[in-house]
Amino acid sequence: MSRATIAPDRRAEVATDGGTGPRKRARPSGDGLAGYLFLSPWIIGIVLLTLGPMVTSLYLSFTDYDLFNTPTWIGLENYQRMFSDARWLRSVEVTAIYVALAVPIKLAAALAVAMLLNSKRGGQGFYRAAFYGPSLIGGSVGVAIVWKMMFSDDSVVDQLLLRFGIDTGGWAGNPDFSLMMLVLLATWQLGAPMVIFLAGLKQVPRELYEAAEVDGAGRGRRFWSITLPMISPVLFFNLLLETINAFQVFTSAYVVGGPNGQPAGSTLFYTIYLFDRGFGDYRMGYASAMAWMLLLGVGLVTVFLFRTARGWVFYSGDSGDKR
Amino acid sequence: MRQSLTRVLWHVGVLALLAVVLYPIVWVAAATFKPSETIIGSLQLLPTAPTLANYQRVFEGVVGVGVGRFFWNSAVLAVLSVVGTVASSALAAYAFARLRFRGRTVLFGIMIATLLLPFHVLIIPQYVVFQNLDLVDTYVPLLAGKFLASEAFFVFLIVQFIRQLPRELDESAKLDGAGHWTVFWHIIVPLCRPALITTAIFTFIWSWNDFFGPLIYLSTPDKYPLPLALQLFIDESTGSDFGALMAMSMLALVPVILFFLFFQRFLVEGVSTSGLKG
């Protein structure tokens, strides 16, 4: 195989050296076969595990299917039923509130810590790694258990708040606070966006700040007029990534609230309800329709973010070639 | 003088913030040595009378399965995931970054699109397929995707890495008669080591922490990895044995924490260059 592919390459080399003949004719097939061979695991995966399932799940979303009997076509019924399904509406609400709270709070915290660390006072490598640590374990079952324990009635957080005269009876069991507890768990994992912010902050030219200072711009002014516009591409990247991730939170919510979103449906995330419908009640058709609604929702939010990005994401001219 | 004062204050401030952030880890570590009934109800961090009883109860196992078994299962899944992901992602990345073939641009576009695809759209049909193949309650559904480069993030990461390697290296090797496999194996793979290591570490940690896949596919406790065993433990003990629960959570976290301590440079660099979520 290798022999066969070398020959055209050599001819190409000769052709370009000699300057005669169009390059394209010198290597007619490129690396065709080799390309597909190297790509074959990925191609099999994309067909069998991604595209195939996508088509199937779109079909299933128009059927009534319980995994054991053959699917029966019911048209748009699954989609229509959602809008009168109180638990579905609840799950949309919980997820929307969570995304709307967790993403901005986490990003603000990440940016704040990144700006704090972005100074030449030494130890930055250590601090950066230490703040990053929780990102690696934050989504695990172990941490979710610990989190629930820390926020349960009479535990550390409750005890601490009681000292300030605030009695919540523990956040884990209080429907008004349980979602906030998960928002805090997301915020605790600020390390990943923080590291990306830091990389962005390092690119901001120092002279800009110096010039602004000479012109009498205060801290706030410098932040709004220099830092934010200069890191806006990084901010946008983080915003996009964190938003998509926040829609899909599952493990922490499941450990804290189980398949019913305890307490009182306050942690009934969209993914939890989808799981419960699909693998708890075996309403596979309905769950498939839910999955497509999720895709639609995430897609719309993504498009919306890209649309607004034109207004506030600023790509500086001289680094344009670096993308 | 004033500068060194602000410097000290800065370090004190950052360390204080760090203490708050890392407090939960210290708290659970301390809690594993406390008797169950004293874990909740006090602000005291350190145990008054440290005990190993919690760990002892964990080693008695859950529903008759020893905790060592769960560790072994997690390790098997993680190691196979790493092997599969690194191999299949590197192969695909080489094709995307270096080879010319019909449809490459379209396929690359599809690969990028899957980066943003919520996987929930796929789970039900995938489950149906694996159920029809009688592969539910085996590790095949959990590992198949790993061997088929379905984590697009890593393919993309390695593509980006290969693209910045000088093309002259493989061109001259080809002139010397090397085929694609030789170029890939002897030139690209060794030069890509940092990207491959980053891929390996993240795959290990993600697999170690994965809960959703095992939750759907596995039903025999004997096959459970640690995260699922933890959930089982909560269900079995009805959540009252806090001490053992904390000890078992801690045991599940320790390998990841060790991984982090050893490889933090690769991890942090990986995130800052590619935006891996961690």
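This is a short talk on a predicted model with chains A and B.

Okay, let's begin with chain A by itself. Its secondary structure adds up to 15 helices and two strands. Of its 323 residues, 39% are buried. And if you take the contacts in chain A with a separation of 6 or more, 65% of them are between residues 24 or more positions apart.

Now, the two chains together. How many residues does each chain put into the contact? Chain A brings 86 residues and chain B brings 72 residues. On the chain A side, the biggest giver is helix H3, residues 32–60, with 18 residues. Sort that side of chain A by class and you get 53 nonpolar, 27 polar and six charged residues.

Let's zoom in on one pair of helices across the two chains. Helix H15 of chain A, residues 284–312, and helix H6 of chain B, residues 120–132, have axes that come within 8 Å and cross at roughly 155°. Anything over 145 degrees counts as roughly antiparallel, so H15(A) is roughly antiparallel to H6(B). The crossing is left-handed. Who's actually touching? From H15(A) we have A:Met284, A:Ala287, A:Ser288, A:Ala291, A:Trp292, A:Leu294 and A:Leu295, and from H6(B) we have B:His120, B:Val121 and B:Ile124. Have a look at the numbering there, with this in mind: an α-helix has 3.6 residues a turn, so residues three or four places apart point the same way. By class, this contact has eight nonpolar residues, two polar ones and no charged ones.

Next, a pair inside chain B. Helix H4, residues 67–98, and helix H7, residues 140–147, pack with their axes 7 Å apart, at an angle of about 25°. Are they parallel or antiparallel? Angles under 35 degrees count as roughly parallel, and H4(B) and H7(B) are therefore roughly parallel to each other. On the H4(B) side you'll find B:Leu77, B:Leu80, B:Ser81, B:Gly84, B:Thr85 and B:Ser88, and they meet B:Leu142, B:Leu143, B:Lys146 and B:Phe147 of H7(B). The split here is five nonpolar, four polar and one charged.

While we're in chain B, take helix H11, residues 193–209. Its 17 residues reach 24 Å from first C-alpha to last, close to the 24 Å expected at 1.5 Å a residue. H11(B) is also mostly covered, with 14 of the 17 residues buried.

Now for some loops. Back in chain A, A:Pro259 sits in the loop between H13 and H14. A:Pro259 has 15 other C-beta atoms within 10 Å, so it is partly exposed. Apart from its close sequence neighbours, A:Pro259 contacts A:Ile272, A:Phe275, A:Asp276 and A:Gly280. Take A:Phe275: it is 16 residues from A:Pro259 along the chain, with their C-alpha atoms separated by 7.7 Å. A:Pro263 is in the loop between H13 and H14 too, and a cis peptide bond joins A:Gln262 to A:Pro263, with omega at about -10°.

Last stop, two positive phi values in chain B. B:Asp137, in the loop between H6 and H7, has phi near 65°, and it isn't a glycine. B:Ala149, in the loop between H7 and H8, isn't a glycine either, and its phi is about 55°. Which of them is buried, and which is partly exposed? B:Asp137 has 14 C-beta neighbours inside 10 Å, so it counts as partly exposed. B:Ala149 has 30 other C-beta atoms within 10 Å, so it is buried.

Definitions and conventions:
Residues numbered from 1 in each chain as written. Chains lettered and ligands numbered in written order. Predicted model: local features only at pLDDT ≥ 70, side-chain atom pairs only at ≥ 80, totals over all residues. Helix = DSSP H or I, 4+ residues; strand = E, 2+ residues; numbered from the N terminus. Expected span 1.5 Å × (residues − 1). Buried ≥ 20, exposed ≤ 12 C-beta atoms within 10 Å, placed from the backbone. Contact = placed C-beta atoms within 7 Å. Axes fitted to C-alpha atoms, helices over the stretch in contact; angles between N-to-C directions. Parallel < 35°, antiparallel > 145°, perpendicular 65-115°, else oblique. Left-handed = near helix turned anticlockwise from the far one by under 90°. Nonpolar A, V, L, I, M, F, W, Y, C, P; charged D, E, K, R; others polar.
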